[in-house]
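Visitor: I'm new to this one, could you walk me through it?
Guide: Gladly; here it is, and we can start with a term.

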Amino acid sequence: MNLNKLLKEVKATQISVGDIFTLGGDLGEFKKGEKVEVQDKGTYGADIKISLSNNQGTTDEFYIDKNDDFEELLT
């Protein structure tokens with residue numbers, strides 16, 4: 001993995017509603033290079049639930065550990 005990619009990974013705790021990211025890889029309903037916006041963020045047990053959408057009305061939800069990196073989201 002190259003250093004540039006490591007520097008661009010986003011921690012789950014750094015994501016906020018309204019943030020816009022470009023995907024660095026395919027993720028659920030979305031494809032690499034697509035821009036997605038964080039629509040909702042909340043806790044789900046020990047995880048964080050994040051709802052993302054694109055400008056075409058597609059929405060998908062993801063559950064990630066609070067301490068994990070979300071490698072597909074690039075700033």
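Guide: Two strands pair if DSSP finds at least two bridges between them, where strands (E, at least two residues) are DSSP runs numbered from the N terminus. This is a predicted model, in which local features need pLDDT of at least 70, side-chain atom pairs count only at pLDDT 80 or more, and totals for chains, interfaces and linings use all residues. Residues are numbered from 1 along each chain as its sequence is written, and side-chain values use heavy atoms, with hydrogens and water left out.

Visitor: OK, in what sense do E2 and E3 pair?
Guide: E2 and E3 pair in the antiparallel sense, over three bridges, and Phe21 stands opposite Val36 in E3.

Visitor: And which side chains of E2 are buried?
Guide: In strand E2 (residues 20-23), Phe21 and Leu23 point to one face and are buried, while Ile20 and Thr22 point to the other and are not; buried means under 20% relative accessible area, exposed over 50%, and partly exposed in between, with a 1.4 Å probe and protein chains only.

Visitor: Switching topic, how many aromatic pairs are there?
Guide: There is one aromatic pair, counted for rings of Phe, Tyr and Trp (its six-membered ring) whose centres lie within 6.5 Å, with planes under 30 degrees apart called stacked, over 60 edge-to-face and the rest tilted. Tyr44 and Tyr63 form this tilted pair, at 4.8 Å centre to centre and 55° between the planes.

Visitor: Where do those two lie?
Guide: Tyr44 is in strand E3 (residues 35-44) and Tyr63 in strand E5 (residues 59-65), so the pair ties together parts that are 19 residues apart in sequence.

Technical notes. Helix = DSSP H or I, 4+ residues; strand = E, 2+ residues; numbered from the N terminus.
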